[in-house]
Amino acid sequence: MRKNIVAGNWKMNKNLNEGIELAKEVNKLVNQNVHNNVEIILAPPFIHLTEINKIIDKKRINLAAQNCSRYKNGAYTGEISAEMIASTGATHVIVGHSERREYQREDNPKIYQKILRAIENNLCPIFCCGEKLAEREAGNHFNVIEEQMIEGVSNISSENFKNLIIAYEPVWAIGTGLNATPEQAQEIHNYIRNLINDRYGEDISDNTTILYGGSCKPSNARELFAKPDVDGGLIGGASLIAQDFIDIINSF
Ligand code: PEP
């Protein structure tokens, strides 16, 4: 049975003290009142990882970085390697977020290299894909997703693919307040699962967690998560408010 997962992507928000406070609050609420059939992941900024790792109850909450370098190590000033991330106690890493595709010019081949670095360091990659508004309006969204999946993840071995999480994040829904409808999300999630089925077979596709991301909040999470191929969410803005994040987790 595939896992239900809710992951909070804090992006470039919260200084270290604020981040520690937020993590403490989430940790407290998780232990008070949260379904334990949902895996929870927090993705704070890099510099928070070590401190937050000391605070969280690791039986309930996993830690992710928001990115990693595509290189192993060396003269890449300002970069953070997958090995460094793993050494903080983080277990997951987000790769291919649309904000990095857009602002850092990350493309599918670079993202594939990042996934390899993550796998080498036993980090579970959370691979983001999703179309822009113009691509959807042109009716091109299925092709865009297929290309991202083929170039980004289809060369990964079956053994390693089993540890991958996919996040479908339509770019037009991220941070806009405009979420995909549950039907739109289900349509693409089902399409992604079929692509995985074609490449890796039914056992792996049935067991792959596919998250939805894009203005997911307490008021819409329940109907999104009710769809058969939506296995949880990658949450941006709403993960910065502890109670909202908890309410989203409890929407299963
Ligand atoms: C995200 O950045 O991954 C995201 C889904 O953001 P938001 O929830 O704010 O749309």
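Where is the place of Ser215? In this predicted model, Ser215 is found in the loop between β7, which covers residues 210–212, and α11. Ser215 has a positive phi of about 55°, although it is not a glycine. With a relative accessibility of 15%, Ser215 counts as buried, because a residue is called buried when this value is under 20%.

Ser215 also belongs to the surroundings of the ligand, where 14 residues are found, and of these Lys11, His97, Glu169, Gly175 and Ser215 come nearest. Lys11 is placed in the loop between β1 and α1, and the phi of Lys11, a residue other than glycine, is likewise positive, with a value near 55°. When the shell around the ligand is sorted by class, it consists of 4 nonpolar, 8 polar and 2 charged residues.

Polar backbone atoms of the protein approach oxygen atoms of the ligand at several places. An oxygen atom of the ligand lies 2.6 Å from a polar backbone atom of Gly175, while for Ser215 the corresponding distance between a ligand oxygen and a polar backbone atom is 2.7 Å. A polar backbone atom of Gly237 is found 2.8 Å from an oxygen atom of the ligand. Taken alone, the ligand would expose 290 Å², and of this area the protein buries 95%.

The protein as a whole is built with 12 helices and 8 strands. For a chain of 252 residues, a compact globule would be expected to have a radius of gyration near 18 Å, and the value of 17 Å computed for the protein agrees with this expectation. The C-alpha trace spans about 45 × 45 × 35 Å along its principal axes, and buried residues account for 52% of the 252 residues.

Attention now turns to the charged side chains. Side chains of opposite charge can pair when their charged atoms come close. The structure contains 17 salt bridges, among them one between Asp229 and Arg2, whose closest N and O atoms are 3.8 Å apart. Asp229 lies in the loop between α11 (218–225) and β8 (232–235), whereas Arg2 lies in the segment before β1 (4–9), so this pair ties together parts that are 227 residues apart in sequence. Asp229 is buried, with a relative accessible area of 8%.

A further salt bridge joins the side chains of Arg193 and Asp231, with a distance of 2.8 Å from N to O. This pair, too, links distant parts of the chain, since Arg193 is in helix α9 (residues 182–200) and Asp231 in the loop between α11 and β8, 38 residues apart. Arg193 is buried, with a relative accessible area of 6%, and Asp231, at 2% relative accessibility, also counts as buried. Arg2, Arg193, Asp229 and Asp231 are linked with one another in a network of salt bridges.

A salt bridge within a single helix is formed by Lys24 and Glu21, with their closest N and O atoms 3.9 Å apart. The two residues are separated by about one helical turn, because they stand 3 residues apart in helix α1, which comprises residues 16–33. Both ends of this pair are partly exposed, Lys24 with a relative accessible area of 43% and Glu21 with one of 48%.

Technical notes: Residues numbered from 1 in each chain as written. Predicted model: local features only at pLDDT ≥ 70, side-chain atom pairs only at ≥ 80, totals over all residues. Heavy atoms only, no water. Near = heavy atom within 4 Å. Polar contact = N/O pair within 3.5 Å; in protein donor to acceptor, adjacent residues only side chain to side chain. Areas by Shrake-Rupley, 256 points an atom, 1.4 Å probe, with all protein chains shown as cover. Nonpolar A, V, L, I, M, F, W, Y, C, P; charged D, E, K, R; others polar. Salt bridge = Lys/Arg side-chain N within 4 Å of Asp/Glu carboxyl O. Helix = DSSP H or I, 4+ residues; strand = E, 2+ residues; numbered from the N terminus. Buried < 20%, exposed > 50% of the residue type's maximum accessible area, 1.4 Å probe, protein only. Rg over C-alpha atoms; globule rule 2.2 N^0.38 Å.
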